[in-house]
Amino acid sequence: MFAALLLLVTPLFVLFLFLSSERAEKEIRDGISVLLVANAQALAKPLWDLDEDSVTQISAAVVSQGSIVKVQVRDGSGQLDVSQSTIPASYRGGLVEVSRAITYTTLDGPKKLGTISVFYPAPDLFSGLRNEEIIFLSIFVFAVLIVFCAGLIGNRIVLIRPLMRLIAAIEATGQLGSRHHVDWRSNDEMGRLARSFNTMQSKLESEEQELKLAHRRAIDIYNLTPAMLFSLDEDDRITAVSDYWLAATGYKREDIVGNRFADLVTPDTRGAFLERKDDLNGGVTVDVTVKFLCADGCVMDVLILESKAATGGQDFLSLSVMTDVTALKASEARNHKQAITDHLTGLLNRQGFETVLDGKIREADAASQELACLFVDLDRFKWINDNLGHAEGDKALREFVGRLKSKLAPSDVAARLGGDEFAILLPSQDAARRADLMAEMLAAIFDEPFGTDMHLSASVGIAIYPRHADNAAELLQKSDMAMYAKKRDGKNGAQHFDNEMVDHARARAEIESCIEIGLIEDWFEAYLQPIVNLNGRGVAGFEALMRLNHPVKGLMAPAGVINVAEETGKIIRVGNVIMEKAIEHLAALSALPGLENSYLAINFSPLQFEPSLPARLASLLMRHNIRPERIVVEITEAVLMHNNPEIRKIVSDIRQFGCRIALDDFGTGYSSLSYLNRFPVDIIKIDQSFTRSINDANEDIRRKSRTLVESITTLSHKMGCNVIAEGIETEQECHTLCEMGLDYGQGYLFHRPQTVDQLMIRLADAQTLARAS
């Protein structure tokens with residue numbers, strides 16, 4: 001209201017005073033103007049006559065008029081200057097001057113004699129007020145004051161009192177924590193404001209009650225949930241923990257809240273816990289597994305799932321749940337140990353060995369040491385499994401491992417890679433020397449048998465890191481190569497790796513590739529070598545021999561091809577191809593005169609004796625109309641050594657079908673004689689090593705060889721078996737064998753292995769020459 005008075009009433013009041021002052025000044029100036037005109041005429045004659053007294057009297061009369069406080073008359077010539085003043089000495093205000101020229105009319109016309117100047121006080125805003133105006137203004141000011149006071153009193157009653165009560169309610173709410181209401185009832189705006197405030201307070205009070213209830217429920221849920229819950233601030237300090245967390249860890253809430261959670265984590269896992277903060281800042285839920293220190297000093301493995309809580313503002317708060325995974329970790333450790341451990345021997349398995357091998361290589365690099373890898377393969381272990389049973393084989397393996405562990409240093413590692421294959425890691429400054437010593441100790445392990453008729457030996461391959469290999473896989477591979485090289489050289493011993501083995505492995509891989517492509521491109525051929533009757537030298541039969549005819553390299557060495565095919569298991573496919581082609585060739589040769597009853601001898605690998613072999617053989621013979629007795633199945637001692645009931649049944653089925661059985665390379669094994677009684681053998685083939693030695697320059701060798709050949713022949717004839725000598729190359733050998741009573745022979749003296757086309761031409765030419773002679 002005061003501002004309204006200042007802004008509205010005061011300008012009007014000032015304007016009124018200003019107009020009043022202007023009006024009063026105008027009236028004064030108009031009166032003075034008239035007075036100056038009259039006195040200027042009255043002063044003309046005295047001033048012309050320089051009558052100073054008259055001028056003084058007239059000036060005195062003028063100064064006494066109205067508001068004039070000073071009069072000054074001056075002669076133009078400067079001879080007369082009269083001044084009259086009624087200004088008090090204390091007056092400090094300004095004066096307004098009004099002048100008029102004094103003229104006198106002469107014969108020559110009007111002349112200006114001088115000037116008369118009058119002065120009056122400069123009027124102010126209040127100087128122009130009249131009495132009635134002063135009364136009006138007084139009444140106006142009094143009315144305004146009454147209105148102003150009434151407004152103040154009304155404002156105090158209508159506004160200030162309810163506002164004060166509102167303020168008191170707000171302050172009481174803030175100080176006491178309860179929602180206070182305003183005790184004010186009216187129908188005006190303040191009444192509406194009070195009602196709205198009270199409604200708001202009631203609503204807020206209800207919401208606060210709901211919030212308190214929700215908060216209590218949240219706290220109850222937080223504490224009663226059977227999970228270890230805790231919260232952290234931005235510095236990873238604990239701000240809250242659940243009752244279940246306290247019960248599981250053994251801590252007290254007052255002792256733990258405010259501490260850094262990282263201090264409760266073991267040093268070895270603390271780094272992982274602190275690093276999880278980077279992912280948490282990205283707004284995702286993170287998990288980390290750490291080792292937690294309980295109040296009693298125990299350590300438990302815990303899985304922590306943590307997420308950032310929405311708190312508003314810049315505050316950071318995370319909510320986490322901690323799960324005890326100690327049992328799970330122990331189970332995982334057991335499962336991991338089982339996954340990398342061989343259950344039979346307790347050694348590492350292949351997976352565990354490969355993992356340890358990487359670590360051992362890193363340790364060797366760090367210590368500037370070498371690392372020897374010994375690849376051990378037990379010789380004759382398959383015979384134990386096949387003949388004595390797997391239980392005895394497992395017993396032998398455990399016994400071998402027990403003996404091996406006693407030879408190992410704490411830094412050594414041994415593993416069973418599978419079956420009868422083992423690997424040993426030996427870290428040392430001179431790994432080659434340690435490997436040789438270990439090989440000697442391994443050989444000593446097998447001096448004592450592992451049970452009745454359980455004599456074992458080992459083929460050991462040795463490779464040294466970093467001499468022979470740059471990484472773990474290469475080290476294991478090259479020790480494996482060395483082991484296979486030892487097996488090829490006769491087993492039972494140790495062999496260090498050299499680069500020639502890589503060349504051999506490359507050649508073997510090349511042969512394997514040729515076998516695969518040869519099966520697809522039909523590079524395999526069945527060569528035939530005739531078997532002749534030693535009396536008369538007529539062709540009695542043929543032996544089918546496998547040949548791989550490479551389109552670029554030509555004929556490849558059959559021994560190498562057969563070895564690789566047997567190692568890779570492809571000998572079954574190769575054998576089937578040779579068998580089909582050989583039987584087809586026999587059918588073609590049967591068309592020649594005198595060969596209609598000739599037989600065909602087919603060599604079979606132990607891997608070819610599948611249950612389907614008799615049926616496949618019968619199908620081929622029926623297709624080419626060949627009698628079963630014309631087929632001779634040649635088996636070696638390796639087939640018989642398996643003593644496999646399934647193989648024995650297959651051989652028996654083939655024999656019952658009508659085919660004959662020949663025992664190849666007889667006399668080269670230490671138990672060959674027992675096989676004559678255990679298997680239905682029809683033909684005995686004496687190995688070519690005996691054929692070469694019957695006419696040896698050394699009389700002792702010659703005598704013993706002839707005795708053995710004669711004994712085998714006599715024994716075979718008494719058992720109803722025919723005898724064939726292999727590898728006859730000279731007439732002397734043929735004559736000697738004929739005298740010993742052998743039935744048949746084959747060798748370069750009679751015929752070389754050749755294709756069926758070449759053989760048919762040669763046999764046809766031989767028959768022509770025979771008829772001509």
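Visitor: What makes the 2.9 Å link between the side chains of Ser459 and Asp379 a polar contact?

Guide: A polar contact is a pair of N or O atoms within 3.5 Å, where, within protein, one must be able to donate a hydrogen and the other to accept it, and residues adjacent in sequence count only if both atoms are side-chain atoms. The side chains of Ser459 and Asp379 are joined at 2.9 Å, and this pair counts as a polar contact. This is a predicted model, in which local features need pLDDT of at least 70 and side-chain atom pairs count only at pLDDT 80 or more, while totals for chains, interfaces and linings use all residues. Residues are numbered from 1 along each chain as its sequence is written, and side-chain values use heavy atoms, leaving out hydrogens and water.

Visitor: Why is Ser459 called buried or exposed?

Guide: Buried means under 20% relative accessible area, exposed over 50%, and partly exposed in between (1.4 Å probe, protein chains only). Ser459 has 0% relative accessibility, so Ser459 counts as buried.

Visitor: Which residues does Ser459 touch?

Guide: With contact meaning heavy atoms within 4.5 Å, and residues up to four places away in sequence not counted, the partners of Ser459 include Phe375, Val376, Asp377 and Met483.

Visitor: How do you know whether the protein is spread out or compact?

Guide: The radius of gyration is taken over C-alpha atoms, and the globule rule is 2.2 Å times the number of residues to the power 0.38. For 773 residues that rule gives 28 Å, but the protein has 67 Å, so it is more spread out than a compact globule. Along its principal axes, the C-alpha trace spans about 210 × 80 × 60 Å.
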